[in-house]
Structures are given as C-alpha cells and as structure tokens.
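Colleague: I have a protein model open and would like to learn how to read it. Where should a beginner start?

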Amino acid sequence: MQHLRSDLITDYDRLADTWWDPRGPLAPLGWIARARAEYVPAAEREGARLLDLACGGGLAGPHLAGKGYRLTGVDLSQLSLAEAGRHGYPDLARADLTQLPFTDGSFDVVTAGQCLEHVPDPYAAVAEACRVLRPGGTLIVDTIADTRLARLVAITLAENLPLPGRPEPGTHDHRLFVNRARLVRTARANGVELRLLGLRPHFREGLAYLAGRRDRVRMVQVKPTGVLFLGVGRKR
Ligand SMILES: C[S@@+](CC[C@H](N)C(=O)[O-])C[C@H]1O[C@@H](n2cnc3c(N)ncnc32)[C@H](O)[C@@H]1O
C-alpha cells in the first residue's frame, strides 16, 4: 500500500492563489475541467445536485454553470475550498474523498477529476463515489494511467521541462497512478459501467499556449487511454 504524501494538502493550500492563473502550475487542470464538464448531462430534475470530489479551486465551476445543478465541493485543502466557494460552489465540505460525509444516493452526478492519482487507495475512492451517487446518476472520473508512457509524459516531461503551466516537480508519484482494469472492475462492482476514453491537449493550441499566443488549450478525445483518461458511466 502506498501512502499519501504528508505535505500534499499543504502544497495545495500553498498554491491556492494560483488556481486561476492561466500560466501557473495548475493551469492544465482548467483545460481538463472544461473537457470533463462536457460529459456532464443537463440536470434531469429540479434540485439536482452535483458532487465534485477533490474540487480544488473549483475550476469546473464556470463550465458547469447553466447545467442545472447545485454544486457541492469536497476537498482537504481549506484554502482551495475557499477559492471554489468564490467560483460557483455554494456547498463545501472539508473531507477525505474516501470517507464522504453524505448518505447513499445523495447526488445526481459525481465527478472526480485529477485526484485519484493522489490517494493511496483510488479504488476505495471510486467505490465511495458510487455509493453517494443515486441510481441513474452519472459518474465521471479522470486520472492518469499506471503505464510507463504516463510516467514519462506526466512526470519526466511535464514536471521537468521549464514551460508555462508546468506542475511543480514532485506533484505526481507514479506508484499512485491508476490501473484502468481495476478501476472499471471496481466501478462495475458498485453499479457503474465505466466507458474509458483518452484525453490529450490540442497540439496546435498547445504550441500557441507555449508561445504565449493563447491562454488556454482545449483537450481532445483520443482512443488510447494509456496516459490521461476519463471514465464516464451511469449507475444502475
Ligand atoms: C490535482 S488537484 C485537482 C483539483 C480539481 N479536481 C481539478 O481538477 O481542478 C488535486 C486535489 O485533490 C485534493 N486532494 C488530495 N487528496 C485528497 C483526499 N484524500 N481527499 C480530498 N481531497 C484530496 C487536493 O487538495 C487538490 O485540491
């Protein structure tokens, strides 16, 4: 069993005022949050609720606005939660995503973006996400695969090349990267059949971003799921 880096949450508290910096170390999370939001269906009923696990600074907030949900954000970083509160999340809870303070079936949509690769037991986190999802509700997760290629791309290159939007060195621990088959099995055992797809930055927009000619980059859907991938499914 791998253990949570003890200073991980302190790091997100320290970085909390950079969540919305388009060229800061958390910038690519905003691109992914926008892509994730595209898989969130419009709310099917009055009073529908969406739970954003490890919501960080609430980067998904603007992209979820208008879909008809009341947003709840959960995170362990208090300063990040405060930021999410300023970006469309009226309900906030400081909690561990593997032990959620909600009853079964409380939410119409649960999202877990770029957080499973930071916890010692991502499969327990997925089971917990399924528990708080109502039957018929949608689960969306995106994370990093446990492959050598992902280690090369997400750590060796992304954390070390001196480029804008670079995550801080040490952000990721490849031993926590997520096994796709086990993730799918866990979700299935908890009532959700996940469909996986790969995501990567739009190449031309990425180059324009690096050249300082644009402030954000669209993510595009790809077949290979061996680096950054997203899973989406409905609960039986
Ligand atoms: C890479 S950020 C992703 C934030 C957000 N989901 C996004 O995509 O913009 C990881 C977040 O996970 C949070 N986090 C890490 N471990 C957690 C845990 N066990 N429970 C709740 N939040 C956690 C961190 O505080 C941080 O805000």
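Modeller: Start with burial. A residue is called buried if its relative accessible area is under 20%, exposed if that area is over 50%, and partly exposed in between. This is a predicted model, and 50% of the 236 residues of the chain count as buried.

Colleague: How many helices and strands does the chain have?

Modeller: The secondary structure consists of eight helices and eight strands.

Colleague: What radius of gyration does the chain have, and what would a compact globule of 236 residues have?

Modeller: The rule for a globule depends on the number of residues. For 236 residues it gives a radius near 18 Å, and the chain has 16 Å, which agrees. Along the principal axes, the C-alpha atoms fill a box of roughly 45 × 35 × 35 Å.

Colleague: What share of the contacts comes from residues 24 or more positions apart?

Modeller: A contact means heavy atoms within 4.5 Å. Among contacts in the chain with a separation of 6 or more, 72% are between residues 24 or more positions apart.

Colleague: What can be said about the surface and the charges?

Modeller: The accessible surface is about 11,000 Å², and carbon and sulfur atoms account for 53% of it. The chain carries 32 positive and 26 negative side chains, and the centres of these two sets are 7 Å apart.

Colleague: Which strands pair with S6?

Modeller: Strands are taken to pair if there are at least two bridges between them. Strand S6, residues 195-201, pairs with strand S8, residues 228-234, in the antiparallel sense over four bridges. S6 also pairs with strand S7, residues 219-222, again antiparallel and over four bridges. Take glycine 198 as a marker: phenylalanine 229 in S8 stands opposite glycine 198, and so does valine 222 in S7.

Colleague: Where do the side chains of a regular strand point?

Modeller: They alternate between the two faces of the sheet.

Colleague: Is glutamate 205 buried or exposed?

Modeller: Compare its area with the cut-off of 20%. Glutamate 205 has a relative accessible area of 7%, so it is buried. Glutamate 205 is found in helix H8. Leaving aside neighbours within four places in sequence, glutamate 205 is in contact with Arg214, Arg216, Val217 and Arg218.

Colleague: And is glycine 212 buried or exposed?

Modeller: Glycine 212 has 52% relative accessibility, so it counts as exposed. Glycine 212 lies in the loop between helix H8 (203-210) and S7. The C-alpha atom of glycine 212 is 41 Å from that of glutamate 128, and the two residues are 84 residues apart along the chain.

Colleague: Where is alanine 16, and what is it in contact with?

Modeller: Alanine 16 is in the loop between helix H1 (8-14) and helix H2 (27-37). At 6% relative accessibility, alanine 16 counts as buried. Beyond neighbours within four places in sequence, alanine 16 is in contact with Leu79, Ser80 and Glu83. From alanine 16 to lysine 223 the C-alpha distance is 33 Å, with their positions 207 residues apart in sequence.

Colleague: What is the phi of alanine 54, and what is that of glutamine 114?

Modeller: Alanine 54 has a positive phi of about 50°, although it is not a glycine. Alanine 54 lies in the loop between strand S1 (49-53) and helix H3 (61-64), and is partly exposed at 22%. Glutamine 114 has a positive phi near 50° and is likewise a residue other than glycine. Glutamine 114 lies in the loop between strand S4 (107-113) and helix H5 (122-131), and counts as buried at 12% relative accessibility.

Note on methods: Residues are numbered from 1 along each chain as its sequence is written. This is a predicted model: local features need pLDDT of at least 70, side-chain atom pairs count only at pLDDT 80 or more; totals for chains, interfaces and linings use all residues. Side-chain values use heavy atoms; hydrogens and water are left out. Helices (H or I, at least four residues) and strands (E, at least two) are DSSP runs, numbered from the N terminus. The radius of gyration is taken over C-alpha atoms; the globule rule is 2.2 Å times the number of residues to the power 0.38. Buried means under 20% relative accessible area, exposed over 50%, partly exposed in between (1.4 Å probe, protein chains only). Accessible areas come from the Shrake-Rupley method with a 1.4 Å probe; for residues, only the protein chains shown count as cover. Lys and Arg count as positive and Asp and Glu as negative; His and the chain ends are not counted. The place of a charge is taken as NZ of Lys, CZ of Arg, CG of Asp or CD of Glu.
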